[in-house]
Amino acid sequence: MATTASNIQETENLPEIVNGLRHLFEDPDFQAVAEIKKASGKPVVGHFPVYSPVELIYAAGIHPIGVVGAGNQIEIAHADSRFQSFVCSVIKSTLELGFTNRLQNFEGMLFHSICDPARNLASVFKRNFPDQWIEYIHFPQNMLTEGSLDYLESEYRRILTRLEDLSGKQVGNDEINEAIGKYNRARHLMRDLYQFRQEHPDILSTKELYTLVRAGHILSVDDHIGLLEKAKILVGKKTPLVRDHIKVILVGSFCEQPPLDLIFAMEEAGLDILDDDFLLGRRWFTADVPERGDGVRNLAESYRDGSVISAVKHDSRRKKGEELVERVRRFEADAVIVSVAKFCEPGLFDYALYRKALIEAGIPHLFVEFEEKMWLFDKIQTEIETFVESLLLD
Ligand code: SF4
């Protein structure tokens, strides 16, 4: 049965809720978006990964929807002619959604300066869909100067004005702070569930946690908060599974997402994933964004100084390899899985840093490459099983 905001509260079985949520993000026709739009009467803006300031979209009276490609649900027929063959799948499948009129319920799309293909995707959208609201956020590249903060604040104010143009609503600071408060609550609950999965990966699986987080890309923030609160109660009632797994941290899947069944196959192959970077954008901040004061400035400051480490945020203050090693030690993980989308340059650049640091620290790791459009996972599953056995028998 499809899980809806109204039946979440009536269901006491977490696996049942989770299974019913898949339709939200596996339906390339975005039927759920059409229904949400009809019920709320609000315009819809889709945002491409990784991080997007959804608070500004929400405060402008617009429903933000995370558009993370089309998974393995559609054929690429038109997008291939606009991009080279060596471009990641999420770029092409997102464009294909546009060409096949599957984004017709979206008034706009928001992109970000995460990599060259994403930058080009925004331009290709603008050229091919001239009637749609298309915007692009240029994030600062040098976090060391005070100017980076002023710059990002002004970039956010520019986007906010464009959002106001789209919705016809003037946004006050109180409304931005209210939006920050709601998304803080959702992020807080996601952090709690991540903490729970870290301590009890035998109770809350990554497949379940992923689905709970991904549902927030479609549901309203209020409904997502209700879902996460319910999940927090229900995980305490689940019984642990007895199994012989190794504990790992997974990195590299921050933008394009592997198929959900691949995540399941990884767990079946013997991994207890204690931490990951799936769907990182909606979990971007390490602590709450301040809910008082200038909301736009606070969002900019939290982006610069209070966010997770990421391949798409250039921050020379952070040592990615060393931080990963430190996290492995802190989580008492046995190994690292570096799971990168095919042709993802930021992910592959980071792998070079991770690989060096992990080898120097004597921490085993396995590199896995995935594509959205995968149906068969036997090969990866066998590779992981071999890796797991080698560690268990070590
Ligand atoms: S998967 Fe990598 S290359 Fe593709 S859009 Fe995302 S960050 Fe860019």
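How many bridges join strand β5 to β7, and do the two run parallel or antiparallel? Select residues 246-251 for β5 and 335-341 for β7: four bridges join these strands, which run parallel. Strands count as paired if DSSP finds at least two bridges between them. Helices (H or I, at least four residues) and strands (E, at least two) are DSSP runs, numbered from the N terminus.

Before going on, a word on the model. It is predicted, with local features needing pLDDT of at least 70 and side-chain atom pairs counting only at pLDDT 80 or more, while totals for chains, interfaces and linings use all residues. Residues are numbered from 1 along each chain as its sequence is written.

**Around β7**

Stay on β7 and pick Val336, the bridge partner of Ile249. Next, add β8 (residues 365-370), which runs parallel to β7 and is joined to it by six bridges. Here Ser339 stands opposite Val368. Now colour β7 by burial: six of its seven residues are buried, that is, they have 20 or more other C-beta atoms within 10 Å of their own, whereas exposed means 12 or fewer and partly exposed lies in between, with C-beta atoms placed from the backbone. Show α14 as well, and you have a right-handed β-α-β unit made of β7, α14 and β8. Right-handed means that, with the strands pointing away from the viewer, the path from the first strand over the helix to the second runs clockwise.

**The ligand**

From α14 (345-361), move to the ligand, since this helix supplies three residues, the largest share of the shell. α5 (89-99) and α6 (116-128) each supply at least two. Of the 15 residues around the ligand (C-beta atom, placed from the backbone, within 6 Å), Cys88, Cys115, Cys255, Glu256 and Cys344 come nearest.

**Three backbone stops**

Most residues other than glycine have a negative phi, and most peptide bonds are trans. Zoom first to Pro49 and Val50, joined by a cis peptide bond with omega of about 10°. Val50 is in the loop between β1 (44-47) and α4 (54-59).

Then select Phe30, in the loop between α2 (14-26) and α3 (31-40). Its phi is positive, about 50°, although it is not a glycine. Phe30 is buried, with 24 other C-beta atoms within 10 Å.

Finish at Asn101, in the loop between α5 and β3 (108-112). Asn101 also has a positive phi, of about 60°. Is this residue buried or exposed? Asn101 is exposed, with 9 other C-beta atoms within 10 Å.
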